[in-house]
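Me: I am new to this structure. Please take me through one part of it closely.

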Amino acid sequence: NQEGVSYDDSGDYLNSQKSFTKANSLLTPTTDTVVRIRLLFNMTELLKKQGKFEECIANYYEAAKLAQLIGDSARLGLAYYNISAAHMLLKRTEVASNYNLMAQEIFKNIPDTERLMNCYVQYYVINKYKNNMPLAKEYLNKALKYYEEHNYMRNFSICLNNYGNILSDEKKYDEAIHFYIKSLSISKSLNDQFSMAIRLGNIGELYLTKGQLDSAKFYIDSSMSVAKEIKAQETILYNLERLVDYQKKIGNPDSVLRATEQFNNLKIELLKLESSDIVQGIEEKYKNELELIKVNSKLELLKKDKLVAKKEQERANLILYFVISISLLIIGVSYALYRNQKRIRTIDKELHTKEREILESGNRLAQAELKNKEDEKKRLEEELNFKRQELISFSLNLSEREKYSDNLKAVFSEIKAGEVPKPDVFQKLRSLLYGINNNS
């Protein structure tokens with residue numbers, strides 16, 4: 001489970017999926033219910049990133065059922081919160097609203113105020129989408145107040161930005177800019193460059209809407225600079241779209257074309273790994289955008305210059321841009337296929353390397369076992385030789401003792417009863433005794 005989370009955090013979704021599948025296969029009826037719930041939550045985060053929201057909802061329902069079974073209110077509330085979020089991604093606002101309110105009730109009773117505030121922010125999003133702005137504002141204000149009082153500056157900055165979005169939708173641009181600037185100030189103090197890029201872009205967009213083009217250009221360029229530094233591609237894309245609008249407002253059709261080309265090129269780059277259906281949709285949309293740009297550019301040029309030659313040149317330029325863009329699209333798709341093939345080859349190579357390591361390890365193990373057996377055989381042979389020598393030595397000693405015994409009997413047989421032994425008899429006895437002592 002933890003291995004899958006680590007792979008997920010690093011963006012290696014293939015290995016993450018494998019780890020979660022393996023962990024799931026190890027579950028038994030006796031596995032702790034909390035462990036099962038955690039695995040469900042972690043697996044579902046991966047599914048969410050893959051856009052499989054129906055599967056997400058099924059997993060969260062299962063987690064909620066298990067949490068109810070063991071009376072775990074915190075995890076039950078978390079499951080309801082995630083069910084609400086998944087339904088919201090599928091635009092099912094009523095179902096999302098119901099589960100959010102159920103999660104709110106649980107976190108109020110536990111109590112868990114921080115998670116309750118997360119529910120409030122989510123409830124704000126739901127009601128904003130339902131166009132129930134009074135209720136959206138009410139819940140966002142609750143979260144704003146809590147985060148400010150408890151010094152959760154990052155969350156406070158996010159809520160300020162969201163409030164600016166509400167005011168922007170209500171066309172209260174000056175008030176919205178005030179909230180964006182306040183949010184931007186907090187992001188700067190936290191050195192949160194990602195948030196800074198978003199806030200700067202929002203401010204630039206509102207100045208663009210108000211017609212304050214110099215201020216708009218300053219904030220859009222600032223946002224673009226920060227976004228490029230941290231490689232925040234989506235923010236760069238939004239800023240390119242804003243620059244297209246800016247160039248249109250200052251009446252520069254050539255710059256409109258250049259900015260539009262940059263916008264579309266980046267858009268293709270971000271979507272080049274999508275499926276062929278999505279790529280086809282992008283191509284169609286891109287063609288429509290080019291046609292629209294073509295018409296608008298023609299009108300602008302006709303107003304400024306009635307010369308036929310200039311109109312033909314503009315048409316040629318548009319066709320060239322179109323051809324280049326289509327070529328970039330094809331290159332992007334080809335590059336994505338190449339990357340996939342390269343990754344497959346890398347995986348094959350790693351598998352081959354691991355198989356070779358396993359075989360080498362087996363060979364080393366077999367050689368070690370063979371050496372151990374040879375050493376054991378040698379030791380047994382040495383012990384056998386030692387025993388053999390010991391037996392031979394014992395046999396020789398036994399033979400010598402029998403010989404001394406026979407010689408001794410022969411000497412005693414020379415002694416007659418009642419007679420004094422001769423001197424040579426004593427000499428033989430001493431020789432025999434001396435020989436026995438030396439062999440002992």
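How are α5 and α6 oriented to each other: roughly parallel or roughly antiparallel?

Reply: A word on the source comes before the helices. This is a predicted model, in which local features need pLDDT of at least 70, side-chain atom pairs count only at pLDDT 80 or more, and totals for chains, interfaces and linings use all residues. Residues are numbered from 1 along each chain as its sequence is written, and side-chain values use heavy atoms, with hydrogens and water left out.

Now the pair. Helix α5 covers residues 73–89 and helix α6 covers residues 93–109. Helices here are DSSP runs (H or I, at least four residues), numbered from the N terminus. The two pack at an angle of about 160 degrees, and their axes lie 8 Å apart. Axes are lines fitted to C-alpha atoms over the stretch in contact, and angles run from 0 to 180 degrees between N-to-C directions. α5 and α6 are therefore roughly antiparallel to each other; that term is for angles over 145 degrees.

The crossing of α5 past α6 is left-handed. That is, the near helix is turned anticlockwise from the far one by less than a right angle.

Which residues touch? From α5, they include Leu 76, Tyr 80, Ile 83 and His 87. From α6, they include Val 95, Tyr 99, Met 102 and Ile 106. Contact means heavy atoms within 4.5 Å.

By class, the contact residues are 14 nonpolar, 6 polar and no charged. Nonpolar covers Ala, Val, Leu, Ile, Met, Phe, Trp, Tyr, Cys and Pro; charged covers Asp, Glu, Lys and Arg; the others, Gly among them, are polar.

Technical notes. Angles under 35 degrees count as roughly parallel, over 145 as roughly antiparallel, 65 to 115 as roughly perpendicular and the rest as oblique.
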